[in-house]
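Visitor: I am new to this structure. Please take one part and walk me through it closely.

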Amino acid sequence: MICTVGTSLFEGNLARLSIDSSKVPPNWPKIKEAFEKKNWELLAKEFLEISPTERICGAEINTIEEAKSKNWLSLENLFFLVSDTDNGRNTGKFLQKYYELRKDFSLRNIEYVVVDELQDERPKDFKIHGLRNLVRKIGEYIQRVGGPEYVAIDATGGYKAQIAIAVIIGQVLNIPVFYKHEYFSEIIDFPPLPISFDDEVLAYHADILTDFERGQVYGSDELGKIDEKLRVLLNEILVDGQKLYELNAIGQIYLTGFRIRNPKPVNLVDATARKRPTFRDDYYPIGFKEFVEKVWRENSWIVTANSLPYSKQKSIKGIGFFVKKDGEEYKLIGTYQDRNNFGARFRVHLTNESLKALTWAADTLNQKYR
């Protein structure tokens, strides 16, 4: 179970704990002392004396306890995603200690990880980096345990935007997502919704989406007319009268979701009859032939490659790969530009020329060579 974690346990519950609090636990003086001294192990031991269903235990413990009773859920690992704040880190330390002491769970792994820039002091960094880092972390854990079918998400704790992102990931990857509002008597799981992404957006824009994911910003003059489907994945800001674009959290979900759903297309296998790349009798950029042959040599699912006629030189921006639709046929195109800004294109032929396989290859080759 991957859990988004807030700080209400500390800030809303324990910081306000006093003898006048409603339903105060019998061991409240020891709890308060451990909390004020930041002794998380002692605090965890004191929490063992309280029913995990009590509201004072916080949303995360409450939700996990109820999820544990689901007869279809075999809970083996707990991963807590905490905010990039002091209270976030401390809450993570406490939850890890608490569940290490909960021997009734028999958990294999109990971890917390700080999501960089998931904080409320710098809203811009939260929006641009924090939410995208959250997506990456969730994606890493999903891949680590073997795929979406082995994961459930507890989206009860944390910032509202953090919860929303977790819910969208769950819907896109068909992962059960639990949630419990403080006034709910029980947890709910979100019903499946018809949320899906169009893989053609990644296919056609694989090269620049790789740049966006790495933090590059493009101006409207560089992108020209933007595909409306691509625009959904980007933030748009105005700087000195020019529109600038950067990847947003939905864009990161789109990329992460594609890679998790397609670790490698089933029908993309090693080629049995490979043929060295061929080149037209033209003048080529410095290192072009060597690069094309390197790509062919290092990826066994590439059958061959061939150079393409020159056209639209200005649109070539370095090394990159994308899918082009030519009539009813999809083609994987590579670009190369030398130090003199002289560029050329080539086509890459795979053992499987389906759109999904070509898209996977474009994304994979961009990550490797761009």
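Guide: First, some vocabulary: helices (DSSP runs of H or I, at least four residues) and strands (DSSP runs of E, at least two residues) are numbered from the N terminus. The model is predicted, so local features need pLDDT of at least 70 and side-chain atom pairs count only at pLDDT 80 or more, while totals for chains, interfaces and linings use all residues. Residues are numbered from 1 along each chain as its sequence is written, and side-chain values use heavy atoms, with hydrogens and water left out.

Start with Gln119. This residue sits in the loop that links strand 3 (109-114) to helix 6 (123-144). Gln119 has a relative accessible area of 4%, so it is buried. Buried means under 20% relative accessible area, exposed means over 50%, and partly exposed lies in between (1.4 Å probe, protein chains only).

Now follow the side chain of Gln119. It reaches the backbone nitrogen of Glu121 at 2.8 Å. A polar atom of the same side chain lies 2.8 Å from the backbone nitrogen of Arg122. A polar contact is a pair of N or O atoms within 3.5 Å; within protein, one must be able to donate a hydrogen and the other to accept it, and residues adjacent in sequence count only if both atoms are side-chain atoms.

Gln119 has other neighbours too. Leaving out residues up to four places away in sequence, Gln119 touches Asp84, Thr85, Asp125, Phe126 and Tyr159. Contact here means heavy atoms within 4.5 Å.

Next, move to helix 8. Ile208 belongs to this helix. Ile208 is buried, because its relative accessible area is 15%. Neighbours within four places in sequence aside, Ile208 is in contact with Tyr218, Leu223 and Leu230. Val269 is 61 residues from Ile208 along the chain, and their C-alpha atoms are separated by 27 Å.

One of those contacts, Tyr218, leads to a sheet. The bridge partner of Tyr218 in strand 9 is Tyr245. Strand 7 and strand 9 (residues 242-247) pair in the antiparallel sense over 2 bridges. Two strands pair if DSSP finds at least two bridges between them. The sheet is open, with 3 strands in the order 7-9-8 and antiparallel pairing. Strand 7 (218-219) and strand 8 (234-239) stand at the edges with a single partner strand each, so one side of each has no neighbour in the sheet. Helix 8 packs on this sheet and touches strand 7, strand 8 and strand 9. The direction of helix 8 makes about 85° with that of strand 9. Axes are lines fitted to C-alpha atoms, for helices over the stretch in contact, and angles run from 0 to 180 degrees between N-to-C directions.

Helix 8 has a helical partner as well. The axes of helix 8 (residues 199-213) and helix 13 (residues 355-369) come within 9 Å and cross at roughly 10°. That makes helix 8 roughly parallel to helix 13. Angles under 35 degrees count as roughly parallel, over 145 as roughly antiparallel, 65 to 115 as roughly perpendicular and the rest as oblique. On the helix 8 side, the residues in contact include Leu202, Ala203 and Ala206. On the helix 13 side, Thr359, Ala362 and Asp363 are among them.
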